[in-house]
Structures are given as C-alpha cells and as structure tokens.
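I opened the model to keep a short log of what I looked up. The entries follow in the order I made them.

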Amino acid sequence: MQKTNSNSPSEDWQISDSENLYAINEWGAGYFNISKRGEVQVTVQNNQPSNSVSLLKIVEGMKERGLEMPCILRIENVLDHRIKELNEAFHRAISAVQYQGEYRGVFPIKVNQQCHVIEEIADFGQRFNHGLEAGSKAELIIALSQLRDHNSLIICNGYKDAEFVDLGLYATQLGIHCFFVLETPAELPIILERSKALGITPFIGVRIKSSVIVDGHWNEDSGDRSIFGLSTSALLDVVEQLKDANMIDCLQMLHCHLGSQIPNIRNIRSGVLEACRFYTGLINEGAPMGYLDLGGGLAVDYEGARTNSTHSMNYQLDEYCVNIVETIAECLNPLQITHPTIVTESGRATVAYSSLLLFNILDVRNHEPQPLPAKLKESDHETLHNLFSVNVDVNENNFQECYNDALYYRDEIRELFRRGHLGLRDRALADNITLSVLDKIAKLLKSIERIPPELENLPELLCDIYYGNFSLFQSLPDIWAIEQVFPVMPIHRLDEQPTRQAIIADITCDCDGKIDKFISPQGIRNTLPLHSLNEDEEYYIGVFLVGAYQETLGDLHNLFGDTNVVSVKINPDSSFDFVREFQGDSIADVLSYVEYEPKQMLEQFRRTAEQAVRDKKISASQRQKMLRAFKDSLQGYTYFEREQH
Ligand SMILES: *Cc1c(COP(=O)(O)O)cnc(C)c1O
C-alpha cells in the first residue's frame, strides 16, 4: 500500500526505515549504505579497515571546484575492487575444483570507453593480467595504446577489415597475445592473406552460435537466430579453410557470448556445457585450442532482489565462477582433454557500480487541490453544482460511485467548455473540485483492504512530479531505450521520513524524459518516496549503478551535452582526492557537434543587434550587454545553472 502525500513526517523515523524503503543494502553490494547522519556513503573495501565517505561531502567538494550539477561521479576504488573480486573469485573456484588451467579476464571496451576508465582497468588490472576486448578498429587502437602487460589478452571481435587485421598482427609481432575471433567465414580469407603478406602468424578464435536461449532482455544474442557467430556448418567450413592453408595450428580459441545481463544461472551452465562440446569437437578436428572464452553476461543485481527477473540475478559471483570452472572440468576430465585457459568478457559487472549520476531538483509540481469555496454561487452552472456535491458527499461507503460521478461531471464540463458554454474560471473550478474528490478517495483507499482495480492507479495519478536537472537521453539512455531500472534515491535527509510520492522528470521537453519505475523491497513500483523541498537548500538525487553502457550510448536530445565528470579516489584515512575532473560540454561545444559555427553565430547576432542600434531600438551600450550575455551563454553549461557567480 502506498504511503501518501501530505503526511507529516513521523518523529521516530529511523535510518533503518530509509534502508528498507530504498532497499539500499540489497542493491548496494556493500559499496553504498546510509550513514548515521542520514547520508548515502560510499564504502571502500580495499582498505583495512574499510572506510566510507559521504556523497554529500563529495558534492560539496565539487561545488567548491565550480563543478555544477548534473555530474557523473566515478569512484576509482570501486572499479578496482570489482576487478579484484572477479579475478579472485575465479582463482578461488579454480583451486576449489583443482582446475588445471588459468583464468584471464578481459574488459569489453564498448561497455565504457571513457579514457580514464580504460586507463584504470589497464593499470590496476595488470596485477591480474586483465586484458581488453575490442569490437572495432577504434577500440583496438585504445587497447594497443593502453595495455602494457604482455601476459594480458586482447580479443578482437566484430567485423574486421584488412586495416583492423594488420593492427592486430603487428600487436602479435610485438609479443601481445591478440586473438582474432571470427564472426563469419568471410573474415578468414582476409586474415590469411594479411598474415601471409606480413609474415606474421595470427592467433585465431571462432565464435559459435549457442543454441541456449537465455532469460532476460538480451535473449536475441543467443539461440539460432543470433546475428553473431558461426553456424555449425560455417564453423566446419572455417576448419577446412584453415587446414587447406596449413594453419589449423592457429585455431586456439572457442568464443561464446550468450548475451548481457543473464539473470538465470541455469542458462549459464547450459551455455558453458554446449561451448565445451564445441571445444572438444574442434580438438577432434585437429585444432590445438587452449582458450575457452565465455563472453559477457555476468549480471548486476540492479533490484537487489536475487531473483531471475530481468534486472536481477539468481546467483552470486562465486557461484558464477564455480559453475563455469566445474562444468568445464566435469565435461573435459572424462575425455582427458587439457583444461583450457578460461576467458570471460565481463563488462557490466565490472563497471556498473563505479559510476553514479548526481543531480539536483529544480522544481516540484504536486497535484493537491486548491482550497475550495464553502459553497458555489447560485448562478454557477448546474453541472458544477452536481460535481461540488459529489465532493461534499464522498465517504468510505460510496467512494467508487463518487469516483465515477466526478469523472462524468468533469468530462461534461470540459465538453461545455469546448462548445463555449463555460469559461476559463468554470473549467479551472471543475478541475479543482475533481482533484479534491480524487484526493479524498486516495486517502480513503489507504484503509481499504480490497481496492477496486480501476482505482489501483489513483495514488500514482496524484503523485508529485520532481523536476531533475539532467537529461535522461544523455545520461540514462537505457531507461528510455530498454526500460532499464536503476536504483534511484536521495543522497541525504535519510534520517527524515520522506512524505511525498513522486516520479522524476528531466529537463528535456520530451514526455519520455522521465523516471517512473523504481525498485523497492516489494518489487518494481511506479513512484518514489521523496522529501518535501526545504527552502534555500538543494535536494540531491543519485542514480546508482550506471557505469555500464550509459555514458556513450547517450545522445544530444534537446542539445543537452555531456555532463561534468569527477573521478575520486578514497584514501585509507577517509579523505578523498579528485583524481580527474572533466568539464561537461559547453553550449558552443554541442552546437558545433551539429555543424554550427559558434563564432559565426555570434557575428550574425552582432549584426542583428547593430541594426537595432541603427534603428534606434536600443543603445550601443545595451547592444554590448546583449552581446556579452550571448557570448557567456555560448561558453556556459547546457544544463540549468543556479545564479551564484
Ligand atoms: C557486449 C559484449 C560483452 C559484454 O557483456 P556484459 O554482459 O556487459 O558483460 C562481452 N562480449 C561481447 C562479445 C559483447 O558483445
């Protein structure tokens, strides 16, 4: 049952009530929790003992450095910890199962290509020989420039032309273990031709189409209909071509990517089992093999629900690793096949936790009725009088009837308005009386056991709209594109009961620019409990677990550009350093992305203003003021800026 608007906050609200309300201990994975002061804090587990920093403190630090909201906050230690966890979990599984091979992780660059993220992965990952996966020439160039550890792998997926192949072959010549994974048989002749021309022997992998259909959103990546990978007959065609070229020795990797965010561990086990059969089949065909790459798919529990629903997962990291290692060993042991090096390409699970979006609330619209007159005027329209008496009469026994009547009279009045029989003030009065009826019913519903289905959505229809200083399309594109659900909550005032129910709208003028699905301990809900705004105090919201896929999929809808980005590193003494900061796009930046010339635009505006001076509409000094404002705007942030400079 919804807690309603217009409650006054309870005196005995505890931090633990906020923890339950926002399920932070479920999705926070130990990285995020609520401090005694009622603020969300990030906890770093690498340090002994673990230490925490309030996000509000970081926001204050950003303010002092002139970095305004909205802002993406990256926490370097969290990224490091994820890489460490992934590698150590595989190492634990390998020794538990007495597996004879090794583990080599690679990070798929497409999941977050931002320079600082890749640099940190390459740098911190070195101690685990953590490599990179590239799906395009540009990403291979990133991998070649960033990876300095020759025991790490570079895996090249995607369609490869001669230039792409040459770069990969040069890497091999430099001693980097760089695999070409074939997506289609058509790629092989190019690789054979270029390796012959350059005299460099390639490492080759084959990507198979798994027949395992996975649960969750990405099930199209898997199964026979997947657009990626070789069919079984194409796979044999590749084997024949390699044999003909006397290069079957180059075939050393089997690659299988079941899809992203696989919520169900059973699918993963089936996929691994099938991959093992392909692996042994290729050994029987005479390929040396040695590497089994199981792609991405390790999920993130955005809901914290531990279920096999799309935004969750029904397994833990250790279970994932044990399942993979055990399945391979069980499959290969009876055949006495040497255990391969296990490769995974976990993207989402590596970076999701390390970034969050922070923004301030600019305005709130609520749907509370204005105070009504004690009674209507004699002269008011009969239908208005009817509507008014519905509002007077509504009680716990007749509310359903009153609901129907109120909507009936309201619609009748709107019809009269359209025909010109009623004026603007009548219409406004009718809307307000209707709101009052609905509001009363919503309050009555709170003490009703069985809510009639048509009234179930009423509290949501009456919820507030909080306007957030961000663009959904720029910063959270998956909410719009695939109905992704991210944890969203205020980062402070959590020692106070939130008394409002709200959805969050962004500042684009697009009606899709809103967040109206939220996680809760009871599952997905349509409104988020929030606090009333305080005078002269910013209210900050965090959207968590946004490190994967959001940063580059975003677009320039309404020309809201890249946000400011801050990377912090938390020190063992709970202080923190701003290790990187990037100013977001200026208005001039985004205009030039769509082919405008800011200089020329200023010149055109100058001419318009100069003409106005000639026409004596403005003075020359007014012209100067306007030109300055125009110029300052061009240099300004694309988001809402508070006047404080
Ligand atoms: C996208 C992709 C990944 C990353 O998947 P996650 O689910 O984010 O770990 C890995 N491998 C390939 C081939 C991909 O296309």
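Entry 1. Which residue in β2 is the bridge partner of isoleucine 34? I looked it up and found valine 40. I noted at the outset that this is a predicted model.

I then took the strand pair as a whole. β1 and β2, the latter covering residues 40-44, pair in the antiparallel sense. I counted three bridges between β1 and β2.

Entry 2. I followed the sheet outward. It is an open sheet of three strands, ordered β1-β2-β3, and the pairing is antiparallel. Why is one side of β1 and of β3 left without a neighbour in the sheet? β1 (32-34) and β3 (51-54) stand at the edges with a single partner strand each, so one side of each has no neighbour there. I also checked the twist: neighbouring strands of this sheet are turned by 40° against each other on average, direction ignored.

Entry 3. I moved to helix α8, residues 187-198. α8 has 12 residues and spans 17 Å from first C-alpha to last. That is close to the 16 Å expected at 1.5 Å a residue. Which residues of α8 are buried? My list reads Glu187, Leu188, Ile191, Leu192, Arg194 and Ser195. I looked for what covers these buried residues and found, among others, α7 (162-173), β8 (177-182), β9 and α9. After α8 comes glycine 199, with a positive phi near 65°.

Entry 4. Next I took helix α10, residues 265-284. α10 has 20 residues and reaches 29 Å between its first and last C-alpha, close to the expected 28 Å.

I checked both ends. What caps the N-terminal end of α10? Asparagine 264 does: one of its side-chain oxygens lies 3.1 Å from the backbone nitrogen of arginine 266. Glycine 286 follows α10, and its phi is positive, near 100°.

I then went through burial in α10. The buried residues include the polar or charged names Asn267, Glu274 and Thr280. Also buried are Ile265, Ile268, Gly271, Val272, Ala275, Cys276, Phe278, Tyr279 and Leu282. The cover over the buried residues of α10 includes β9 (203-207), α9 (232-244), β10 (251-255), β11 (291-293) and α11 (317-332). I noted that β9 and α9 had also come up in the cover of α8.

Entry 5. Last, I stepped back to the domains. The protein is divided into domain 1 (77-350), domain 2 (382-458) and domain 3 (588-634). How many Å separate the centres of domain 2 and domain 3? I read 51 Å, taken over C-alpha atoms.

Technical notes: Residues numbered from 1 in each chain as written. Predicted model: local features only at pLDDT ≥ 70, side-chain atom pairs only at ≥ 80, totals over all residues. Heavy atoms only, no water. Domains from an automatic or database assignment. Helix = DSSP H or I, 4+ residues; strand = E, 2+ residues; numbered from the N terminus. Expected span 1.5 Å × (residues − 1). Buried < 20%, exposed > 50% of the residue type's maximum accessible area, 1.4 Å probe, protein only. Contact = heavy atoms within 4.5 Å. Polar contact = N/O pair within 3.5 Å; in protein donor to acceptor, adjacent residues only side chain to side chain. Pairing = 2+ DSSP bridges. Axes fitted to C-alpha atoms, helices over the stretch in contact; angles between N-to-C directions.
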